[in-house]
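Here are a few notes to read alongside the model. Keep the viewer open and look up each residue as you go.

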Amino acid sequence: DIGALCPTLTVREREVLLAGIRYLAEMGRVEVIPHLRRLAREDDAELRLEAGLASRAFKAEQARDPGERILIALTERDRMVRAVLARRLRGLPVAEVLEQAEMLLSDDPAGVVQILGEVRTPEVSRFLLALSARSDLDDLVRARALSAVEADEPWERDALAAIIADPARG
């Protein structure tokens with residue numbers, strides 16, 4: 001019983017347990033559901049919260065809902081798990097992912113840019129390049145949008161070179 005262990009866990013053991021809960025969600029397998037349900041009933045509020053987020057991530061994975069998947073990735077604090085959750089957007093229709101990203105952009109622009117950077121499609125590269133030109137976004141977000149472009153295609157490299165050479169963008 002994890003609840004009985006929680007008061008005696010060291011800080012490091014607790015961190016490992018919380019990371020394990022996030023990993024259960026990342027697995028996206030039905031076998032983890034009983035474990036997440038049990039953890040969601042723990043006395044420890046942080047464990048309940050992590051188990052709830054993990055369950056939500058699992059449900060979003062099963063539903064293949066781009067909006068919910070982006071929200072799940074945005075709420076994830078661990079950058080590695082966030083990246084893994086964001087990569088799962090690759091199997092969804094890109095137009096739907098970008099539509100959801102545009103709606104969430106005002107809430108967490110840096111997070112949306114990070115998540116889109118993991119999707120890596122030409123449409124996403126175009127979207128990120130367009131974000132870099134938006135004056136309503138913070139300079140840091142605009143710079144992150146440029147750095148999130150994979151630039152493995154000649155047209156992406158040309159677009160980035162044009163931005164660098166443009167004195168109006170400097």
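How many of the nine residues of helix α8 (residues 109-117) are buried? Keep that in mind; point 2 comes back to it.

1. First, the overall picture. This is a predicted model. The protein chain has 11 helices and zero strands, so if you go looking for a sheet, you can stop, because strands are what you would need and there are zero. Of its 170 residues, 43% count as buried. The chain exposes about 9,500 Å², and carbon and sulfur atoms supply 55% of that.

2. Now back to α8. Seven of its nine residues are buried, which leaves the helix mostly covered. The buried ones are G111, V112, V113, Q114, I115, L116 and G117. And what covers them? The cover includes α5 (66-75), α6, α7 (94-104), α9 (122-132) and α10 (139-147).

3. Some of those helices turn up again in the largest nonpolar core, which has 34 residues. I70, L116, L128 and L131 have the most contacts inside this core. The elements giving two or more residues to it are α5, α6, α7, α8, α9, α10 and α11 (154-165). Apart from it lies another core, of 10 residues, including V32, I33, L47 and A51.

4. Have a look at I70 too. Leaving out residues up to four places away in sequence, I70 touches L89, V97, Q100, A101, L104 and I115. I115 is one of the buried residues of α8. For the chain as a whole, take contacts between residues at least 6 apart in sequence: 59% of them join residues at least 24 apart.

5. My pick for a closer look is R82, in helix α6 (residues 79-87). Which side chain of opposite charge is nearest to R82, and how far away is it? It is D108, at 4.3 Å. A salt bridge needs the charged atoms within 4 Å, so R82, although buried, has none.

6. R82 does have polar partners, though. Its side chain makes a polar contact of 2.8 Å with the side chain of Q114, and it reaches the backbone oxygen of E76 at 3.4 Å. Q114 is itself among the buried residues of α8. Not counting residues up to four places away in sequence, R82 touches A73, L74, E76, D108, G111, Q114 and I115. Try finding each of these seven contacts in the viewer, starting from Q114.

Key: Residues are numbered from 1 along each chain as its sequence is written. This is a predicted model: local features need pLDDT of at least 70, side-chain atom pairs count only at pLDDT 80 or more; totals for chains, interfaces and linings use all residues. Side-chain values use heavy atoms; hydrogens and water are left out. Helices (H or I, at least four residues) and strands (E, at least two) are DSSP runs, numbered from the N terminus. Buried means under 20% relative accessible area, exposed over 50%, partly exposed in between (1.4 Å probe, protein chains only). Contact means heavy atoms within 4.5 Å. Accessible areas come from the Shrake-Rupley method with a 1.4 Å probe; for residues, only the protein chains shown count as cover. Lys and Arg count as positive and Asp and Glu as negative; His and the chain ends are not counted. A polar contact is a pair of N or O atoms within 3.5 Å; within protein, one must be able to donate a hydrogen and the other to accept it, and residues adjacent in sequence count only if both atoms are side-chain atoms. A nonpolar core is a set of buried Ala, Val, Leu, Ile, Met, Phe, Trp, Tyr and Cys residues joined through side-chain atoms within 4.5 Å.
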